[in-house]
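Biologist: I should like to learn how to read a structure of this kind. Could we go through its features one by one?

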Amino acid sequence: MSRRVVVIGVGNPLRGDDGVGPAAVEALRGRVPDGTVLTVSDGEPARMLEVWRGADTVVVVEALRAQRARPGKLHTLTAADAASRTAATASTHALGLAECLALAEALGQLPQRLVVHAVEVADVELGAPLSEAVRSALPELVDRVAASVRQGHGPNQEQ
């Protein structure tokens, strides 16, 4: 059985650590099973829902700001976890993932499985590069995302 798996790297590579989602998607090329959809998004909810329409598994890679930031700290969340963390964290985008998930639920468009891999960020200033902390966390982040993708494709899936 063929399963549709979508990876969405949310962020803006021109805004420092906010570019971690797109950077992770780029690093995944050639590391995930054929047929995996790899895409980048600005996080706008309607576009996100369109990208994941019909997917069995959606893996979102996102930068986040925490009240007590630990730049480079990785988080792996379910859809419910991501929606409930809005008090302690914030997306780097106008509308965050929690709003996107609420819209998807209201419209009956949540995928069967949604995993969020998020990285606490330091600098999201226009023109800044990825911070050292986030750059150092990128290899482990990519490994975690690749594992979620393989799990989404099911047992016995090879690249």
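**Reading the strands and the cores**

Modeller: Let us begin with strand β1, where V5, V7 and G9 point one way while V6, I8 and V10 point the other way, and all of them are buried. Please keep in mind that this is a predicted model.

Biologist: What is the general idea behind side chains that point one way and the other way from β1?

Modeller: In a regular strand, side chains alternate between the two faces of the sheet. In this case, 6 of the 6 residues of β1 (residues 5–10) are buried, so the strand is largely enclosed by the rest of the structure.

Biologist: Which strands pair with β1, and in which sense?

Modeller: Strand β3 (residues 57–66) pairs with β1 in the parallel sense over 5 bridges, and V7 stands opposite V59 of that strand. Strand β2 (residues 37–41) also runs parallel to β1, joined by 5 bridges. There the bridge partner of V7 is L38. Between β1 and β2 the chain passes through helix α1 (residues 20–28), and this β-α-β crossover is right-handed.

Biologist: How does one judge a single residue, for instance T57, as buried or exposed?

Modeller: One compares its relative accessibility with a cut-off: a residue under 20% is called buried. T57, which lies in strand β3, has 3% relative accessibility and therefore counts as buried. Leaving aside residues up to four places away in sequence, T57 touches R4, V5, V6, R113 and G152.

Biologist: What should I look for when I search for a core?

Modeller: In soluble globular proteins, nonpolar side chains tend to be buried together. Here the largest nonpolar core has 24 residues, of which V7, V20, L28, L141, V145 and V149 touch the most other members. The elements that give two or more residues to this core are β1, α1, β3 and α5 (132–153). The largest share, 8 residues, comes from α5.

Biologist: Which residues does V145 touch?

Modeller: Not counting residues up to four places away in sequence, V145 touches V7, L28, V59, V61 and H117. Apart from the largest core lies another one, of 21 residues, including L64, A66, A82 and L101.

Biologist: How is a helix to be read, and where do the buried residues of α4 lie?

Modeller: One asks how the buried positions are arranged around the axis. In α4 (residues 97–106), the residues L97, A98, C100, L101 and A104 are buried. These residues lie on the same side of α4, because they cover an arc of only 160° around the axis. Just after this helix, G108 takes a positive phi of about 70°.

Biologist: How does E99 in α4 count?

Modeller: E99 has 41% relative accessibility and so counts as partly exposed. Computed along the chain, so to speak, E99 and E44 are 55 residues apart in sequence, and their C-alpha atoms are 9.5 Å apart in space.

Biologist: What is the overall pattern of the protein chain?

Modeller: Along the sequence, the protein chain follows β-α-β-α-β-β-α-β-α-β-α, which comes to 5 helices and 6 strands. Of its 159 residues, 48% are buried. Among contacts with a separation of 6 or more, 82% are between residues 24 or more positions apart. The accessible surface of the protein chain comes to about 7900 Å², and 50% of this belongs to carbon and sulfur atoms.

Notes: Residues are numbered from 1 along each chain as its sequence is written. This is a predicted model: local features need pLDDT of at least 70, side-chain atom pairs count only at pLDDT 80 or more; totals for chains, interfaces and linings use all residues. Side-chain values use heavy atoms; hydrogens and water are left out. Buried means under 20% relative accessible area, exposed over 50%, partly exposed in between (1.4 Å probe, protein chains only). Helices (H or I, at least four residues) and strands (E, at least two) are DSSP runs, numbered from the N terminus. The arc is that of the directions from the helix axis to the C-beta atoms. Two strands pair if DSSP finds at least two bridges between them. A crossover is right-handed if, with the strands pointing away from the viewer, the path from the first strand over the helix to the second runs clockwise. Contact means heavy atoms within 4.5 Å. A nonpolar core is a set of buried Ala, Val, Leu, Ile, Met, Phe, Trp, Tyr and Cys residues joined through side-chain atoms within 4.5 Å. Accessible areas come from the Shrake-Rupley method with a 1.4 Å probe; for residues, only the protein chains shown count as cover.
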